[in-house]
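Let's walk through this one together, starting with the place where two chains meet. Keep the 3D view open as you read.

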Amino acid sequence: MEQQILSEKESLVLISNMISKAKNYYYESGLSALLWGFTNLICFTLAYFDAVKWFAFPFNPFYLMGITFILQIYFDRKEKIFRKAVTYKDEAHTYVWTAFAISVLILTIGGGIANIGYIVLPVLLLLFGIPTFISGCISRFRPFILGGIACWILCIISLFYQTYTTYLLVALGAGLAWIIPGFILRKRFYKNIANQHNAV
Amino acid sequence: MQFKELDPILHSQLRLAVMSLLISVKEAEFSFLKEQTNATSGNLSVQISKLKEAGYIDITKQFNNNYPQTICKITPAGIEAFENYVKALQTYMNL
Amino acid sequence: MPNAEIKMTEKESLELITSMINQAKEKVSESGTLYLLWGWLILFCCIVQFVGLTFFNYPNVYWVWTLTWVVLIIQAFYLLNKRKRRRVKTYMRELNGYIWLVFFISLMLLFFINWHFNAYKIFNPLLLVLYGMPTFLSGIILKFRPLIIGGICCWILAVVAVFIPLDYQVLLIAVAIVSAWIIPGYILKKNFKKEN
């Protein structure tokens, strides 16, 4: 870009072009979605096996979440190098998922103390849907919007079972809401990189 | 209609482009600015320094896993200057 | 690679630029009206329910909550009207809209769950968890601390409610609503008047 003085009209065009370009920037590798999607899928499926006594588990499968949390932090730090800009959408995503995480923690800890039983699971599906739907709306990413709605539908369905089958429904919810969109994000991500390489 | 004065710091192509980019994001890395403006590293460095001197942007140099990064962020003064510039443009264009 | 020239009229350009400047300034003006409206409404229903059950032993007192549906419909018209008049759409306002929309959906789901499970023991705590989320998020978006604190209060009271006998839980909801919506609502109103 040369250092020239622009006319007022050209200045306006330059500004709006740059803003449009910046608005279109996003960095989403789909890694978090896949990570948490698979973790939930595995945990709840294992919990189901444990409940129907197919095999006994030496520890609570949900402790795997702790490992996933550490992995998430590790991947975040690695990805930070490639993330060239932090947008307002990124900020919004962080808020929404943080509030979600806090709510889930309150639910599981409080629910455990109060010993409320299987109702935790439909409520969990309700909570799963919230950040997924909002994220989808913000990014205009339809798979997330549909995933959120799917979680809510599964929530309603799970009310008619009220047994350990609900574990499978939650696993399915995690799959639909996070794993499938996660793969879609990943495909887009690689296509983006390929496009950038071809352009250079 | 009275014409408002255009801020000379902003009234320059590359600096204006950089400010426009930085007002659209929370923060951006040097390489992002370079890609979007198609400027050379040297020229971009110079212009960013001028913007920093004027107090319009903040620059943070950090290392991420031994990888150097230069993070730029617009300041409240920068936002105000940008807004005034746009308002001044409007007086010239009868908008 | 040549830059693709994005064709916009000057007016569109200006709108885009203005909305981006507003977003950068993170200035979202909120008059607090809706917080006060719903805060007082729910407080009223809570008190009526508590007094009706505890002192008069009147089991049909739950009908007072149908007031919320009436107010909701009125609010829907108010919001639709307001949207037509608004010119510049900011990103934060859009996000705020989604958050409260999802809150409403979640409430409906929670009522449905309660109806099926009859889990009255856990209903109020869950309600408080749900109240906390959009309040907390709105507080962060508006950079308004009283709402953030209000949201956290809701969550703390949600945990406390688990240990309180059922009839008294509704008092905790009342306290939560005062701290989360009524007090911040008045502060918002005061700030809004000061700015305009």
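How many residues does each chain bring to the contact? Chain A puts in 25 residues and chain B puts in 26 residues. Bear in mind as you look around that this is a predicted model.

Take the chain A side of that contact. Three elements of chain A each give at least two residues to the side that touches chain B: helix H1 (8–23), strand S1 (85–86) and helix H4 (88–114). Which of them supplies the largest share? That's H1(A), with 11 residues. If you sort the chain A side by class, you get 13 nonpolar, 4 polar and 8 charged residues.

Now zoom in on the strands. S1(A) is joined by 2 bridges to strand S1 of chain B, which covers residues 27–29. Do the two strands run parallel or antiparallel? They run antiparallel. To find the spot on your screen, look for A:Val86, which stands opposite B:Glu27 in S1(B).

With that strand in view, let's follow the rest of chain B. This chain has 4 helices and 3 strands. Start at the N terminus and you'll meet the elements in the order α-β-α-α-β-β-α. Along the principal axes, the C-alpha atoms of chain B fill a box of roughly 55 × 25 × 20 Å. Of the 95 residues in chain B, 36% are buried.

Last stop: contacts within chain B. Take those with a separation of 6 or more, and 57% of them come from residues 24 or more positions apart.

Notes: Residues are numbered from 1 along each chain as its sequence is written. Chains are lettered from A and ligands numbered from 1 in the order in which they are written. This is a predicted model: local features need pLDDT of at least 70, side-chain atom pairs count only at pLDDT 80 or more; totals for chains, interfaces and linings use all residues. A residue is buried if 20 or more other C-beta atoms lie within 10 Å of its own, exposed if 12 or fewer, and partly exposed in between; C-beta atoms are placed from the backbone. Two residues are in contact if their C-beta atoms, placed from the backbone, lie within 7 Å. Ala, Val, Leu, Ile, Met, Phe, Trp, Tyr, Cys and Pro count as nonpolar, Asp, Glu, Lys and Arg as charged, and the others, Gly among them, as polar. Two strands pair if DSSP finds at least two bridges between them.
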